[in-house]
Amino acid sequence: MTLADAAEYLGVKNTSTMSRYETGIIPLRWTDVDALLTMYGVADQGLRSELISLAKEAWRKGWWDEYRDVVGDKRYLDAFWLEGRARHIRTFNLGFIHGLLETPGYMGAIFRNDSSFDEAAAARAVELRLARQRILDTGQASMTAIISELVLRQRIGSPAIMREQLTHLLTLSERDSITIRVLDFDATVYHALAGAFTLFDLGEPFTPVAYVENLAGCLYVESPAVERYLGAYDEIEKAALTPSESARVIRQACEVWK
């Protein structure tokens, strides 16, 4: 079926508009999604309902919109949306503790060291990150976080900030919905050296989405390319210490920061 066919069915004047719909540059109204699903022969009511709900959500403002002033790349906002929708979040971190697991002191040390933030912007960035953490408090999403042992030994801020952060990890690991594991120095997983990434498991009928962030911005990877990240995470997970072994390593790291 061509773009022209779909555009004509929706009453869209040209195919370029339809192309922008399909590539996600502009969102579709839910009524148009409903119409296209009929045109494309999608009869599964569960799938139709889920896609129509997604279309409605695309037009709603999120709580994070008020923090646009401290988000340099607006594509980061999609990560917050995915966090809010995910049923399970899987992370691997090589440089920093993941933002959903950070203490205010740890966050503040990171943002105050960033020359692009003044004191007020750093405070706003901390406020945004703390607001994101509410998804773990509500229980709407579970989380598995694998952390390189390097992160436990990398000083961020003061020794006191590091002790507080590592103690916080131990406290979070006691929750049924949060699993924290350490990839120790002796582990040999070359995929782990490629850097940190996050996997958002959205549940049926959607495939997981991988999220990668670096100094150049952020990247979202969907099916079929996401399979490489899923495979890499499986390798890292197999090599990581058990939750109880990880807690022991985290406690040992706490002693380093006394």
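How many disulfides does the structure hold? The count is 0. As a reminder, a disulfide is a covalent bond between the sulfur atoms of two cysteines. Before I go on, please keep in mind that what's on the screen is a predicted model.

While we're on cysteines, let me point at two of them. Cys-218 has a relative accessibility of 8%, so Cys-218 counts as buried. Cys-254 is buried as well, with a relative accessible area of 10%. Hold on to Cys-254, please; I'll get back to that residue at the end.

Okay, the overall picture. We've got 12 helices and 6 strands here. If you take the C-alpha trace along its principal axes, the protein spans about 70 × 40 × 30 Å. There are 258 residues, and buried ones make up 45% of them. Now look at contacts between residues at least 6 apart in sequence: 70% of those join residues at least 24 apart.

On to the sheet. The 6 strands form an open sheet, and if you read across, the order is β3-β2-β1-β4-β5-β6, with mixed pairing. At the edges you'll find β3, residues 178-183, and β6, residues 217-221, and each of those pairs on one side only. Going from one strand to the next, the twist averages 15°. For anyone who hasn't drawn a sheet in a while, strands pair through backbone hydrogen bonds, either parallel or antiparallel.

Let's walk through part of that order, beginning with β1. Strand β1 covers residues 88-93 and runs antiparallel to β4, residues 197-201, with 5 bridges joining the two. If you want a residue to click on, try Ile-89: its bridge partner in β4 is Phe-200. Next door, β4 and β5 are also antiparallel, and here 3 bridges do the joining. Leu-199 is a good marker there, standing opposite Ala-210 in β5. Stay on Ala-210 for a second, as Ala-210 also stands opposite Val-221 in β6. That takes us to β5 and β6, an antiparallel pair joined by 5 bridges. The connection between β5 and β6 is a hairpin, through 2 residues.

And what lies across these strands? Helix α5, residues 76-85, lies across β1, β4, β5 and β6. Relative to β6, helix α5 runs at about 45°.

Now the bit I like, the aromatics. How many aromatic pairs does the count come to? We get 6. One of them is Phe-197 with Tyr-229, an edge-to-face pair at 5.2 Å centre to centre, with 65° between the planes. Phe-197 sits in strand β4 and Tyr-229 in helix α11, residues 226-239, so this pair ties together parts that are 32 residues apart in sequence. Are these two buried or exposed? Phe-197 has 5% relative accessibility, so Phe-197 counts as buried, while Tyr-229 is partly exposed, with a relative accessible area of 24%.

Phe-197 has another aromatic pair too, this time with Tyr-233: edge-to-face again, 6.0 Å centre to centre and 80° between the planes. Here as well the pair links distant parts of the chain, with Phe-197 in strand β4 and Tyr-233 in helix α11, 36 residues apart. Tyr-233 comes out at 0% relative accessibility, so Tyr-233 counts as buried. Put Phe-92 together with Phe-197, Tyr-229 and Tyr-233 and you have one aromatic cluster.

There's a charge to add to that picture. The charged end of Arg-90 sits over the ring of Tyr-233, 5.6 Å from the ring centre. You can find another such arrangement at Trp-30, where the charged end of Lys-56 sits over the ring, 4.6 Å from its centre.

Last stop, and this is where Cys-254 comes back. Have a look at Arg-163, in helix α10, residues 159-172. Which residues is Arg-163 in contact with, leaving aside its neighbours within four places in sequence? They are Cys-254, Trp-257 and Lys-258. Arg-163 and Cys-254 are 91 residues apart along the chain, and their C-alpha atoms are separated by 5.4 Å. The accessibility of Arg-163 is 30%, so Arg-163 counts as partly exposed, whereas Cys-254 is buried at 10%.

That's my tour, so feel free to spin the model around.

Terms used: Residues are numbered from 1 along each chain as its sequence is written. This is a predicted model: local features need pLDDT of at least 70, side-chain atom pairs count only at pLDDT 80 or more; totals for chains, interfaces and linings use all residues. Side-chain values use heavy atoms; hydrogens and water are left out. Helices (H or I, at least four residues) and strands (E, at least two) are DSSP runs, numbered from the N terminus. Buried means under 20% relative accessible area, exposed over 50%, partly exposed in between (1.4 Å probe, protein chains only). Contact means heavy atoms within 4.5 Å. Two strands pair if DSSP finds at least two bridges between them. Axes are lines fitted to C-alpha atoms, for helices over the stretch in contact, and angles run from 0 to 180 degrees between N-to-C directions. A disulfide is a pair of cysteine sulfur atoms within 2.5 Å. Rings of Phe, Tyr and Trp (its six-membered ring) pair if their centres lie within 6.5 Å; planes under 30 degrees apart count as stacked, over 60 as edge-to-face and the rest as tilted. A charge sits over a ring if NZ of Lys or CZ of Arg is within 6 Å of the ring centre and within 35 degrees of the ring normal.
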